[in-house]
Amino acid sequence: MKKITVPIIVGFLLLMGCQKIIDKQTTSINVSFGKDASSEPLDGRLLLLFSTDDSKEPRFQINDGLHTQLIFGMNVNGMSPDSIITFDETIFGFPYTSLDKIPPGEYNVQALLHVYETFDLTTGHTVKLPMDNGEGQQWHSSPGNIYSKPFKIRVASNGIENVEVVMSEVIPPIPVPEDTEWIKHIKIKSEKLSDFWGRDMYLGAHVLLPKGFDEHPEAKYPLMVFHGHFPDDFGGFRTSPPDPNLKPEYSERFDLEGYNLIQQQEAYDFYKRWNEPDFPRFIIIEIQHPTPYYDDSYAVNSASQGPYGDAITYELIPYIEKQFRGMGEGWSRFLYGGSTGGWEALAVQVKYPEEYNGCFAACPDPIDFRAYCLTNIYEDENAYYYKSEHKKLEVPAHRDYLGNIQSTLREGNHLELVLGDKSRSGQQWDIWEATYSPQGEDGYPVRLWDKMTGKIDHDVAEYWKENYDLRYILERDWDKLGENLKGKIHIYCGDMDNYYLNNAVYLMEDFLESTVDPYYDGEVVYGDRAEHCWNGDPEQPNAISRLRYNSMYVPKIMERIEESAPLGADLTSWRYK
């Protein structure tokens, strides 16, 4: 056989377009932290971030939309000070799946360790999860997480080499909000949750007191429970006019200049309305119930998160009512919220039908899993792709009111997989699993679908159906629930909801309108071309109506109280001027 020389081989490879094989060097970045960041070994999710945008740190530029920057992630167990963890081309990332796919150019690079703690659950499982530290489960800003200051590197056509990233910074604790004349902050240890998690677990709330609370000790008050994402303080209430020195900020979402000024004006207007003589005197609370999986628990009992529904309804609510003279009866309690809070308002009303007297659910998360956004989890085989013999078309996840697509279902789930495996990303699809799924043998939620491929597990889907598909539960149990829910269900949604949540609302409406003995006697209303999170006001744009949750449902609540309060109920002590 004729000997083939090296130059001939090289020439052949170049001719075949294989120059990359010869020039490509191993891509790797070493990450470590010193004892100034932590003197103890740490568990968690180690994240490596890249950005071409100098406007802010890379850790604040990660999302599944068109403007996202780059992120890669891996688990670390017992990462010690001064030990080195290497990111190479095998580590999964988003939106590029591998480091060797990053285009050449200049980037800011940063590393962050999202710290996990160990929980010995009452179920007998041991799991590692990020404890909320007062920030509402935000990986990029959770106190105790360690990170590096960003610096610039150059990615060459033949890869990345000789890059060392040292995490030297620690995110500081978050100050606790102080009580004011109007707003009180409470925090209680939940016995039910502490038993489940194997350590002390707490629930909190921000409480807005009515005008004249101290001057009218004889009064007892109805309770309005505002559900939603983790609130750092009571929102939308301001006792002074807008700050004249505040620099106007543009809202890309609403295409409004000076939206921060609008928000302050609306908060001040609510304060004035709250003090008007004809405004009913209520207590309003915003609940803090973050879990190691998300910024809130979804306010129901679940296999992997524990009895949050019971803890909120039977521990937190009665404590607040006792402390602040609430009436403490089901007819005097009302639920409202949007998006996550919309689902929670409806779910809590369904799960605890006698403990609350009405829910106002705006743009709720999927309330019928035949329309789990754009996926039918019972009939579809794959969540990421439409069924087709010859095409591979991805399922969208986000649109604007004209239908322009910003991201797909696969992209959002792959980003979550980078941020954390085993439903630990702290993001939307994972919290639905943490809430709705059975607990797996390893103690973590069982996946509804394969996170990489999108293949649906229909056994898990059936578990979701029986326990958390609100339309199915209502239809299955209407003969038992109907009388206790008559007149209590109010749902509002834009027909161009960004996350396609209106599809499930249509299906719910079909059932509710079919009810007899009794008829549900509530309302389902849609906003024309309205995006997420339209909440039922046809007179105002979404940018304004979303700032008026605390007052817009009050007339409907008053009607409900007048028609449903039991004989002898206190309808006067709280109606002072």
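This report describes one pocket and two cavities in a predicted model.

## The second largest pocket

The second largest pocket encloses about 710 Å³ of space. Its lining comprises 28 residues, and those closest to the pocket centre are Asp132, Gly134, Lys187, Phe230 and Gln288. Two elements, strand 12 (183-189) and strand 13 (202-208), each give two or more residues to this lining. Strand 13 makes the largest contribution, with 5 residues.

By class, the lining of the second largest pocket consists of 16 nonpolar, 7 polar and 5 charged residues. Asp132 and Lys187, both among the residues closest to the centre, count as charged, because Asp and Lys belong to that class.

## The largest cavity

The structure contains 2 cavities of 30 Å³ or more. The largest cavity holds about 40 Å³ of space. Its lining is formed by Tyr372, Asn413, Trp429, Glu433, Leu448, Trp449, Lys451 and Trp464.

Of the residues lining the largest cavity, 5 are nonpolar, 1 is polar and 2 are charged. The charged residues are Glu433 and Lys451, while Asn413 is the polar one.

## The second largest cavity

For the second largest cavity, the computed volume is about 30 Å³. The residues that line this cavity are His114, Pro130, Gln137, Trp139, Pro292, Tyr293, Arg424, Ser425 and Gly426.

The lining of the second largest cavity divides into 4 nonpolar, 4 polar and 1 charged residues. Arg424 is the charged residue, and the nonpolar residues are Pro130, Trp139, Pro292 and Tyr293.

Note on methods: Residues numbered from 1 in each chain as written. Predicted model: local features only at pLDDT ≥ 70, side-chain atom pairs only at ≥ 80, totals over all residues. Heavy atoms only, no water. 1 Å grid on protein atoms, 1.4 Å probe; cavity = no way out; pocket = protein on both sides within 12 Å on 5 of 7 lines; lining within 4 Å. Points joined across faces, edges and corners; volume = space filled by probe spheres on them. Helix = DSSP H or I, 4+ residues; strand = E, 2+ residues; numbered from the N terminus.
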